[in-house]
Amino acid sequence: MSSLKIQGGVKLQGEIIPQGAKNEALQIIAAVLLSPEPITINKIPNIRDVNKLIELVGDLGAKVEKLGEESYRFTAKDLDVAFLETDEFKTKAASLRGSIMILGPLLARYGYAKIPRPGGDKIGRRRLDTHFIGFEKLGAKFNYSKKDAFYKIDASNLQGCYMHLDEASVTGTANILMASVLAKGTTTIYNAACEPYIQQLCKMLNRMGAKISGIGSNLLQIEGVEKLGGTEHTMLPDMIEVGSFIGMAAMTQSAITIKGAGVEHLGLIPDIFRRLGIQLEIKGDDIHVPAQERYEIDTFIDGSILTIADAPWPGFTPDLLSIVLVTAIQAKGTVLVHQKMFESRLFFVDKLIDMGAQIILCDPHRATVIGMDRKQPLKGIKMSSPDIRAGVSLLIAALSAEGESIISNVEQIDRGYQNIDARLKALGAQIERIEQ
Ligand SMILES: CC(=O)N[C@H]1[C@@H](OP(=O)(O)OP(=O)(O)OC[C@H]2O[C@@H](n3ccc(=O)[nH]c3=O)[C@H](O)[C@@H]2O)O[C@H](CO)[C@@H](O)[C@@H]1O
Ligand SMILES: C=C(OP(=O)(O)O)C(=O)O
């Protein structure tokens, strides 16, 4: 277990380059299992979850060649499905949520797959019904064994069909898409998720020979094909990192330029931070956040208190609500943060309250932040990172606080943010990793 020791109150300055998108990477790396041909992937983030999935794909028999810092070539010629029966598979697959993404490709190619309950953030119930109901509609038989906590799926004869998803699940849509590209006939997925992650996956599959239309909408149509070939794919910049760095710059009153931010793929993200009063200068594909002494939260047009809530894309991503919340602490004004999707993602506000923030947790889904307008700084404390985004939010709070903070359980942050301490040090942060 590692910790970060942070001396807060130091202004940062400089340029930072976002890593490739973690949630895109998890889908894209799983998709290499769909073809026996070589597939080159660029801008792969060097983070825990992604590295674990690459290892899993290798264990399943794909040839994995590292071509450079951020590029790999995968060739999944013959897969060793017997690996699914091993204890090693169970332990590895259970340690990350992204492991669920191998189901679709394995079903498409081998007609059989199994997976233990996947890991990922403990941020409330995270059901997988959408994935399994989708597979069943395509003709798969699914059962869950309580004894060994394994989901098993038989799908020797996948047949395209029309389906209306019960919710626009991101990983669910990706999984069903990957199962259907090699199915017989046409599959239509309505209420499909359409995040940039999914759009990128669809584009990659089409380059491999798939026939997917409706990309970017919630109505996808997939005409099954016999086989898929190789391709080259480059990940988009991680939009959650981009949002995290905007919040970090504002809270620490720092001038930071986010280079190659993938501006056209950010959806509502820049506008939501602007509503918190943060100035953003978009220069080509870079975002410059100037050092701002103060920023003021907007109200709604009728003068009532602003609410920022999550929604499936093109709504505002739930993965940035913790960052919005922490950024509002030193703003002028009040905001209600409404986390609709996850039921345990706001509990970390206790730690921010201990640091001196003015926050009322209304219920598990809603917190009101009463901005302090810099009247008093947060105080550094010892805390533990409960999940990836809360972890980064605590880190932002610690960077802005007076005195020293220690954040333990940094592995939670490492699973999504590449080399975070070194990258922040390069911006002038006083941050040190303590290995225990
Ligand atoms: C590896 C990966 O890609 N993880 C992301 C993915 O998780 P993941 O794909 O697991 O999340 P889902 O999209 O399935 O759903 C997330 C949660 O939102 C709820 N829900 C979803 C859709 C909907 O219309 N209404 C609704 O309430 C679900 O019940 C669930 O509790 O998408 C989430 C939602 O953007 C992100 O937080 C995760 O970072
Ligand atoms: C919730 C997240 O990740 P995961 O789905 O991998 O737990 C996230 O990236 O914010």
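Which residues does Lys-22 touch, not counting residues up to four places away in sequence? I began with this and found Pro-45, Ile-47, Asp-49, Val-50, Asp-238 and Gly-416. I note at the outset that the model is predicted.

**Entry 1: Lys-22 and Asn-23**

I looked up where Lys-22 sits and found it in helix 1. I counted 25 C-beta neighbours inside 10 Å of Lys-22, so I put it down as buried. Asn-23 is in helix 1 too. With 27 C-beta neighbours inside 10 Å, Asn-23 also goes into my list as buried. I then checked the UniProt record, where an unreviewed entry places the annotation "binding site" on Lys-22 and Asn-23.

**Entry 2: the shell around ligand 1**

I asked how many residues surround ligand 1. There are 18, and the closest are Asn-23, Ser-169, Val-170, Thr-171 and Met-341. I sorted the residues of this shell by kind and got 7 nonpolar, 6 polar and 5 charged.

Which helices each supply at least two residues of the shell? I found helix 1, residues 22–31, and helix 6, residues 170–180. Helix 6 gives the most, with 3 residues.

I then asked where ligand 1 lies with respect to domain 1 and domain 2. Both domains give residues to the shell, so I wrote down that ligand 1 lies between them.

**Entry 3: the two domains**

I noted the bounds of the domains. Domain 1 covers 2–19 and 237–435, while domain 2 covers 22–234. Their C-alpha centres lie 31 Å apart. I looked for contacts across the boundary and found 18 residues of domain 1 in contact with 16 residues of domain 2. On the side of domain 1 that touches domain 2, I listed 6 nonpolar, 5 polar and 7 charged residues.

**Entry 4: other positions in the record**

I went back to UniProt, where an unreviewed entry also lists Arg-97, Asp-319 and Met-341 for "binding site". I looked up two of these.

Asp-319 is in the loop between strand 17 and helix 10. Is Asp-319 buried or exposed? I counted 24 other C-beta atoms within 10 Å, so Asp-319 is buried. Leaving aside neighbours within four places in sequence, I found Asp-319 in contact with Ile-240 and Arg-389.

Met-341, which I had already met among the closest residues to ligand 1, is in the loop between strand 18 (334–338) and helix 11 (349–354). I counted 18 other C-beta atoms within 10 Å of Met-341; the cut-off for buried is 20 or more, so I entered Met-341 as partly exposed. Not counting residues up to four places away in sequence, Met-341 touches Asp-310 and Pro-318.

**Entry 5: backbone checks**

I went through the backbone with the usual expectation in mind: most residues other than glycine have a negative phi, and most peptide bonds are trans.

Which residues does a cis peptide bond join? I found Trp-313 and Pro-314, with omega about 15 degrees. Pro-314 is in the loop between strand 17 (306–309) and helix 10 (321–328).

I looked next at phi. Lys-43 has a positive phi of about 60 degrees although it is not a glycine. I located Lys-43 in the loop between strand 3 (38–42) and helix 2 (48–59). With 20 C-beta neighbours inside 10 Å, Lys-43 counts as buried.

Asn-191, not a glycine either, has a positive phi of about 65 degrees. I placed Asn-191 in the loop between strand 10 (186–190) and helix 7 (196–207). Asn-191 has 17 C-beta neighbours inside 10 Å, so I recorded it as partly exposed.

**Entry 6: Leu-268**

I found Leu-268 in the loop between strand 14 (255–258) and helix 9 (269–275). It has 16 other C-beta atoms within 10 Å and is therefore partly exposed. I checked Leu-268 against Trp-313, a residue of the cis peptide bond. The two are 45 residues apart along the chain, and their C-alpha atoms are separated by 9.3 Å.

**Entry 7: the whole chain**

I counted 14 helices and 23 strands. The radius of gyration is 22 Å, close to the 22 Å that the globule rule gives for 436 residues, so I wrote that the chain is as compact as a globular protein of that length. Along the principal axes, the C-alpha atoms fill a box of roughly 65 × 50 × 45 Å. Of the 436 residues, 49% count as buried. Among contacts between residues at least 6 apart in sequence, I found that 72% join residues at least 24 apart.

Key: Residues numbered from 1 in each chain as written. Chains lettered and ligands numbered in written order. Predicted model: local features only at pLDDT ≥ 70, side-chain atom pairs only at ≥ 80, totals over all residues. Near = placed C-beta within 6 Å. Helix = DSSP H or I, 4+ residues; strand = E, 2+ residues; numbered from the N terminus. Nonpolar A, V, L, I, M, F, W, Y, C, P; charged D, E, K, R; others polar. Domains from an automatic or database assignment. Buried ≥ 20, exposed ≤ 12 C-beta atoms within 10 Å, placed from the backbone. Rg over C-alpha atoms; globule rule 2.2 N^0.38 Å. Contact = placed C-beta atoms within 7 Å. UniProt positions renumbered as here; feature names shortened; annotations may be inferred.
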